[in-house]
Amino acid sequence: MVVSIDALMARYPGALTFRFGNSAEMSAQLLALVRAGRKRATCSSQADIAAAGAPPEVGRRDIALNWDGTPALVIETVELRPTRFADMTEDMALMEGENESLDGWRADHRAYFEREGTFAPDMLLLWERFEVVEDFG
């Protein structure tokens, strides 16, 4: 189904657009995890939130884009928890769907945030649980 960003913005007033990950390959992998029902949460650093222009809000519906900028999904934020990297719980990490253990989550996310130049063990993250509202895949 092809749908325009303008049509979605009219359908979901106040929605923001975003991409999962920081590369085409990572974005495609994360979208596949969402579509498979394995990824039901994500986390953002303060730098990610600043770049997005606004933090997520419970109840807001946002548009996840494919790497090429076309709409992939609409999600609704259902829970937000500020947490420090070092304080991430296993339950929260596993809801992100990318790893089989908290140690795996820590290793992968540390590498991600190091590539972004923002890693610190005490860095504040905003963990977000979401539900898929629409899938355009």
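**Exercise 1.** How many aromatic pairs does a search of the whole structure find?

*Solution.* The structure is a predicted model, in which local features need pLDDT of at least 70, side-chain atom pairs count only at pLDDT 80 or more, and totals for chains, interfaces and linings use all residues. Residues are numbered from 1 along each chain as its sequence is written, and side-chain values use heavy atoms, with hydrogens and water left out.

Step 1. Rings of Phe, Tyr and Trp (its six-membered ring) pair if their centres lie within 6.5 Å; planes under 30 degrees apart count as stacked, over 60 as edge-to-face and the rest as tilted.

Step 2. The search of the whole structure yields five aromatic pairs.

Step 3. One of them joins phenylalanine 20 and phenylalanine 130, a tilted pair with 6.0 Å centre to centre and 45° between the planes.

**Exercise 2.** Determine which parts of the chain the pair of phenylalanine 20 and phenylalanine 130 ties together.

*Solution.* Step 1. Helices (H or I, at least four residues) and strands (E, at least two) are DSSP runs, numbered from the N terminus.

Step 2. Phenylalanine 20 lies in the loop between β1 (17–18) and α2 (24–35), and phenylalanine 130 in strand β5 (residues 124–135), so the pair ties together parts that are 110 residues apart in sequence.

Step 3. Phenylalanine 20 and phenylalanine 130 are both buried, where buried means under 20% relative accessible area, exposed over 50% and partly exposed in between (1.4 Å probe, protein chains only).

Step 4. Together with Phe18, Phe20 and Phe130 form one aromatic cluster.

**Exercise 3.** Describe the pair of phenylalanine 85 and phenylalanine 119.

*Solution.* Step 1. The rings of phenylalanine 85 and phenylalanine 119 meet edge-to-face, with 5.0 Å centre to centre and 85° between the planes.

Step 2. Phenylalanine 85 lies in the loop between β4 (71–84) and α4 (90–95), and phenylalanine 119 in the loop between α5 (102–116) and β5, so this pair ties together parts that are 34 residues apart in sequence.

Step 3. Both phenylalanine 85 and phenylalanine 119 are buried.

**Exercise 4.** Outline the fold of the chain and state how its compactness is judged.

*Solution.* Step 1. The chain contains five helices and five strands, in the order α-β-α-β-α-β-β-α-α-β from the N terminus.

Step 2. Its radius of gyration is 14 Å, close to the 14 Å that the globule rule gives for 137 residues, so the chain is as compact as a globular protein of that length. The radius is taken over C-alpha atoms, and the rule is 2.2 Å times the number of residues to the power 0.38.

Step 3. Of the 137 residues in the chain, 38% are buried.
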